[in-house]
Amino acid sequence: MEHLTSLGLNEQKIKETLKNATLTATISRAFSYLPPGVELSSAQKPLIFQACSKLKPQSAQFLELIVRKILDNSLDTSLRVDTALEYVLANVTKATFNEADFDAACGVGVVVTPEEIEKAVETTIAKYRDDIVEQRYRFNVGKLLVELRAALPWVDGKALKSEVDVQIFDLLGPKTVADEEKVAKKRRDPPAASAPQKEGSAAEPAIIGSNRTEGPRTMVDLMRNVDFHRPGENFKTDGYVVTPQTERLLKEHLQRTGGKVRTRFPPEPNGILHIGHAKAININFAYATANEGVCFLRYDDTNPEKEEEKFVKGIRDIVEWLGYKPFKVTYSSDYFQELYDFAVQLIKQDMAYVCHQTAEQMKGFTTEPSKWRNRPIAESLQLFEDMKNGKIDEGAATLRMKITLEEGKIDPVAYRIKFVPHHRTGTKWCIYPTYDYTHCLCDSLEDITHSLCTKEFQSRRSSYYWLCNALNIYCPVQWEYARLNVNYTVVSKRKINKLITENIVNDWDDPRLFTLSALRRKGYPAEAINNFCAQMGLTGAQTSIDPAALEASARDVLNVTAPRTMAVLEPLKITILNYPHEGPIQVSVADFPNMPEKGTHMVWFDRVVYIERSDFMANADKTFRRLTPGQPVGLKYIGSMLRVESVVRNSSSVDELVCRIEPCTATEKPKAYIHWVSKPVPVEVRLYERLFIHKNPEDSNDVPGGFLSDCATDTIRTVCGYVDAHVSSSKVYDKYQFERIGYFSVDPDSRNDQLVFNRTVTLKEDTGKTN
């Protein structure tokens, strides 16, 4: 508190600073470098606080130098202090530190004379003289100051501004009444709608069809503006651990990579990817693309019990479906020998040991220290070899690292015994590395520059850096972001598997799930998912998103990519008494009514047509605008309307309507037009609803019976509908807008003689259509 008061901070600022233990400790250390009896001047106090506030942990050893330079007035401005902090950070890996170079970089001793200021201002004003005379005092002086500061980096800001003001006054004279008038702000016209983009290439998937102006257009746009470190400048990142080897290792890394950004997407091949993985895929691949780098697809196949080849293929299919092409496909198992050699090295350095505690004894954060922690190195080496050679039973020994994680976990496991064949290496290995051990080492071996992962791995960052530095190998930087959580779903592999085994859903790609294969099967375009991820942004705050946001992204894309067609899901037969043609005729209909240039298709019109049963009402009030016994309705694309002559009923419902057709005229118009089909193709249509009742089915407070008890009933309804005959040649995943109903996609269950459609999303709510 005493030091903070000495810096002249107000009471509120002192309270805020005391909450930051690291900053408070840095300020105390800065004061310890002050010679006895020395008092800070009013100009030096804010500079000391600035230096302490902005000093990176990696540069902490330079605090004494910076304090000394502030005391002797070498660093006498905020700009010089900032430059000093940047310089020491940039040189933190250097074996030697040259104070003369430091002084030169910070402009120590450089004095900009009034004559130099006057001359520079004259030159700059002459450059913009015509604009200044035309705009007078409305001219943006900031433009001049930016140029002048670039030319005179160590100039006193107040002196510079004063000289600019004087010279502009000399040029323009006193302000006039016109100069004092406020200029009305120009109205900003809304941006013109852009033409739909072409589908994105593998390198940069496009987000098409979005009519939203906020946020980035693509994920690549978003990642271009992310403030990550540049390759080779790992040490500038907060929390990065610098060692005497860092400079050499980074130089060698840059020689191997050519300074390119290298990222990786590292899924486990033991399940299908879900909507949260879509964000990870987009972030890793898009950041590499945005910086002309490369992205690996690396399968983290370190758990042989759960891995299957079908998941390996499924993951790659989804990555490529989203529009991304991996630079290289690798596996953690590619590096099993290197990982084993690293483990032996750790044991030799007394940084790892073989332990015999059981999994239950090691569980949690308040475990008993292992009594084998300090066993002789030679003993651990022999036991580890015995583990590798299958001489020790499964569960009887593990290899543990001598480190405590941020979350409090003591000595995490690096290797465990599993007598299970591996899907790639067979029975060659019976010891398998853990994620905590494998992840960072594979990143290092692949020269990854940015290890991008979700926030739950933040507590593993210390072990990530510790392990690379302990082995004296290149250390990438781990960056964390918030995972993507969506309401009304579960994404845990174990829980999805439970839904499957309990016959609540059919498989990993059941359209009621939020796995990416399920969304694809339901009809979501890849562009819509990429669009959704871009709209969510790159944040550190955990949030849960309503599925409506994802649905909106799908509508945006489907609106400009899914051709329109007519379909009826609950058909009602209509026979036209006065059908005006000899036989069936074909009518040309636009695929996109608002964009007729995108093509047309032909639909049949005949004496018998089918409409939606809900478009007829025998007893209707005045708000109902469609077909009734006393009210005609128009047929889309025909230019005619139907009028009911008679109703054919069975005991409980209407079987058929007999109607007359009449032309629509300027004086005789129907209140509404409806869709219809004639000579249709019968299809199976699957209508899906939300699988879960509560936003968070895993919340024990809202769902005390567990997530299975939260499953809704009747979440799938199958109907036999009719569609226009022109869709009969559709392929799997072809998408359509069924007019006035919603967007639908052809399901893989379709056969040549039977199309199956899944409803992707309904149309936006429209009260006019509801009535």
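This passage describes selected helices, strands and one annotated region of a predicted model.

According to UniProt, in an unreviewed entry, the feature "domain: Glutaminyl-tRNA synthetase class Ib non-specific RNA-binding" lies at residues 2–157 and 161–251. Over residues 2–157, helix makes up 63% of the chain and strand 0%. The C-alpha atoms at the two ends of this stretch are 32 Å apart.

A pair of packed helices is described by two quantities, the angle between the axes and the distance between the axes. For helix α17 (residues 336–348) and helix α19 (residues 377–388), the angle is about 160° and the axes are 9 Å apart. Angles over 145 degrees count as roughly antiparallel, and α17 and α19 are therefore roughly antiparallel to each other. Their crossing is right-handed. On the α17 side, the contact is made by Tyr340, Ala343, Val344, Ile347 and Lys348. These residues meet Ile377, Ser380, Leu381, Phe384, Glu385 and Lys388 in α19. By class, the residues of this contact comprise seven nonpolar, one polar and three charged.

Helix α19 also takes part in a second packing arrangement, described below with its sheet. An open sheet is built from four strands in the order β4-β5-β6-β7, and the pairing is antiparallel. Strands β4 (352–355) and β7 (431–433) form the edges, each pairing on one side only. On average, neighbouring strands of the sheet are turned by 20° against each other, with direction ignored. Between β4 and strand β5 (residues 398–401), which run antiparallel, there are four bridges. Within this pair, Val354 stands opposite Leu399 in β5. Helix α19 packs on the sheet and touches β4, β5, β6 (413–417) and β7. The direction of α19 makes about 60° with that of β4. Thus α19 has contacts with α17 as well as with the strands of the sheet.

Further along the chain, strand β22 (residues 681–688) pairs with two strands, in a different sense each time. With strand β23 (residues 716–723), the pairing of β22 is antiparallel and extends over eight bridges. Arg686 stands opposite Thr718 in β23. With strand β26 (residues 756–762), the pairing of β22 is parallel and extends over three bridges. In this case Glu684 has Val756 in β26 as its bridge partner. In a regular strand, side chains alternate between the two faces of the sheet.

Terms used:
Residues are numbered from 1 along each chain as its sequence is written. This is a predicted model: local features need pLDDT of at least 70, side-chain atom pairs count only at pLDDT 80 or more; totals for chains, interfaces and linings use all residues. Side-chain values use heavy atoms; hydrogens and water are left out. Axes are lines fitted to C-alpha atoms, for helices over the stretch in contact, and angles run from 0 to 180 degrees between N-to-C directions. Angles under 35 degrees count as roughly parallel, over 145 as roughly antiparallel, 65 to 115 as roughly perpendicular and the rest as oblique. A crossing is left-handed if the near helix is turned anticlockwise from the far one by less than a right angle, and right-handed if clockwise. Contact means heavy atoms within 4.5 Å. Ala, Val, Leu, Ile, Met, Phe, Trp, Tyr, Cys and Pro count as nonpolar, Asp, Glu, Lys and Arg as charged, and the others, Gly among them, as polar. Two strands pair if DSSP finds at least two bridges between them. UniProt positions are given in the numbering used here, feature names are shortened, and annotations may be inferred rather than shown by experiment.
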